[in-house]
Amino acid sequence: MAHHGEVVAKTATEFKYAREQRAAGMRMQVVTFALMIFLTLIAFLAVGAGFSFYFVAPVILLLAGVQVVLQLYYFMHMNEREMGLISFFMWSGILVAFITILCFVTIIWWHNAW
Amino acid sequence: MDFNTKFTPQTWPDHPEQATLEGKNKFVGFWLFLACEIVLFASLFATYLALKNKGPNGMGAEFTTQALFELPLVFVMTMVLLTSSLTSVYAMYHMKNHNFKGTQTWMGITVLLGAVFLGLEIYEFNHYVHLGFNYTHSAFSSAFYTLVGTHGAHVLLGLCWITALIIRNSKRGLNLYNAPKYYVAALYWHFIDVVWVFIFTVVYLMGAM
């Protein structure tokens, strides 16, 4: 399988640099995680506080959107280079998802007696 | 570089999951699969939103989202699953450092947290069924169990998958054969969390109001 590229050992400096870069990246991931926890807390508190549905619903949907973007772009590394094709897949999926949900919530009525 | 090459942390490539052609194909193919999963879950979310709190005449108000859902349980489930997403990031951090023990340990923690999440979900469903809110109770109940249950089935599949990876590779160590396998399993786990973010927001939080 795939014999392109030989095994290359990093020099001591390169190795140290790569490890430091990865450690810095990991610290960034922990910050992202803290942010996600914070957004989740706000969403639950906003619902618990008992504001109007029409105020809280858009806010928590926005918080969910931000959290998902953090998950995709940081935890799943969509922020890295050479992810153009993958971004195309994912955003196409999101577009279809958006249209599907829009359709269902706007064209379906259900007569309900209670 | 091939599957049998032995690596040290110094010779381990920066993107081991994409260092072989098979790894590259797995990577792209798996993302395409995840994009399709978005569409699958979109159809279930759309169905749920259309049928929420709807059912046969005389369904009564005791089985509405407001009466059923208990947010403290959902909050705990959310925290557990979100934390398991971070632990799989730690596993991939160690994988990229060619630290096999670290990878296995953090993947193991991810599985444990996932199992806690699944246990809580089973408890929740069991509770509802005992109240009389079973799968065939109403259009609402079918849509609810199908949406949340499909997510739960994904969690179960992820647990089996990652457990199998941990066991099968326990004596192999890290190489270019299994690095892509661990990587896409971690991607799958993050995706499960992505779907849950919308479930706790759209189903539980918007339902409880």
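**Exercise 1. Find how far apart the end C-alpha atoms of residues 28-51 of chain B lie, and state how much of the span is helix.**

The end C-alpha atoms of residues 28-51 of chain B are 35 Å apart, and the span is 100% helix and 0% strand. Here helices (H or I, at least four residues) and strands (E, at least two) are DSSP runs, numbered from the N terminus. The structure is a predicted model, in which local features need pLDDT of at least 70 and side-chain atom pairs count only at pLDDT 80 or more, while totals for chains, interfaces and linings use all residues. Residues are numbered from 1 along each chain as its sequence is written, and chains are lettered from A and ligands numbered from 1 in the order in which they are written.

As a next step, take residues 71-93 of chain B, whose end C-alpha atoms lie 33 Å apart in a span that is likewise 100% helix and 0% strand. Both spans appear in the UniProt annotation "transmembrane region" (unreviewed entry), which covers residues 28-51, 71-93, 105-123, 143-167 and 187-207 of chain B. UniProt positions are given in the numbering used here, feature names are shortened, and annotations may be inferred rather than shown by experiment.

**Exercise 2. Describe the overall build of chain B, beginning with its helices and strands.**

Counting first, chain B has 6 helices and 0 strands, and along the sequence they give the pattern α-α-α-α-α-α. Turning to dimensions, its C-alpha atoms fill a box of roughly 70 × 30 × 25 Å, taken along the principal axes. Finally, 44% of the 209 residues of chain B count as buried, where a residue is buried if 20 or more other C-beta atoms lie within 10 Å of its own, exposed if 12 or fewer, and partly exposed in between, with C-beta atoms placed from the backbone.

**Exercise 3. Work out which elements of chain B touch chain A, and what kinds of residue they bring.**

Begin with the totals: 52 residues of chain B are in contact with 52 residues of chain A, two residues being in contact if their C-beta atoms, placed from the backbone, lie within 7 Å. On the side of chain B that touches chain A, the elements giving two or more residues are H1, H3 and H6 of chain B, and H1(B) provides the largest share, 17 residues. This side divides into 32 nonpolar, 14 polar and 6 charged residues, where Ala, Val, Leu, Ile, Met, Phe, Trp, Tyr, Cys and Pro count as nonpolar, Asp, Glu, Lys and Arg as charged, and the others, Gly among them, as polar.

**Exercise 4. Decide whether A:His77 and B:His98 are buried, partly exposed or exposed.**

Locate each residue before judging it: A:His77 is in the loop between H2 and H3 of chain A, whereas B:His98 is in the loop between H3 and H4 of chain B. A:His77 has 18 C-beta neighbours inside 10 Å and therefore counts as partly exposed. B:His98 has 20 other C-beta atoms within 10 Å, so this residue is buried.

To complete the description, consider the backbone, remembering that most residues other than glycine have a negative phi. A:His77, which is not a glycine, has a positive phi of about 60°, and B:His98 also has a positive value, near 55°.
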